[in-house]
Amino acid sequence: MLKLNSNIVLDYFANVLPKKTAKLPLSELDNAVEKAVKCAQKNDKKGLQSAMELIGRLMTYRK
């Protein structure tokens, strides 16, 4: 498994996972975090880099 930023891991376990288990809709940021975790688990460096860039863009424009 590839290394993930600790904030991404925390966001996944605190926000994304509870929403998925409750079958609630995920936001764009939640989807990006989920994809980053999946890419890290599959050792997909290119996919992880893309997901991390997307998370950065979403966080920049987040209000």
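Where is D30 found? In this predicted model, D30 sits in helix 2, a run of 14 residues covering positions 28-41. From its first C-alpha to its last, helix 2 reaches 20 Å, close to the 20 Å expected at 1.5 Å a residue.

Is D30 buried or exposed, then? With a relative accessible area of just 4%, D30 counts as buried, because the cut-off for that label is under 20%. Setting aside residues up to four places away in sequence, D30 touches N15, V16 and K19. D30 has company on the buried list of helix 2, which also holds L29, A32, V33, E34, A36, V37, C39 and A40. As for what these buried residues pack against, the partners are helix 1 (6-21) and helix 3 (45-60). An α-helix has 3.6 residues a turn, so residues three or four places apart point the same way.

Moving past the end of helix 2, things take a turn at N43, which adopts a positive phi of about 60 degrees just after the helix. Another aspartate, D44, turns up in the loop between helix 2 and helix 3. How buried or exposed is D44? Its relative accessible area comes to 32%, so D44 is partly exposed, a label that runs from 20% up to 50%. Leaving out neighbours within four places in sequence, D44 is in contact with L2 and C39; C39 is itself one of the buried residues of helix 2. L24 is another matter: D44 and L24 are 20 residues apart in sequence, and their C-alpha atoms lie 27 Å apart in space.

Definitions and conventions: Residues numbered from 1 in each chain as written. Predicted model: local features only at pLDDT ≥ 70, side-chain atom pairs only at ≥ 80, totals over all residues. Heavy atoms only, no water. Helix = DSSP H or I, 4+ residues; strand = E, 2+ residues; numbered from the N terminus. Expected span 1.5 Å × (residues − 1). Buried < 20%, exposed > 50% of the residue type's maximum accessible area, 1.4 Å probe, protein only. Contact = heavy atoms within 4.5 Å.
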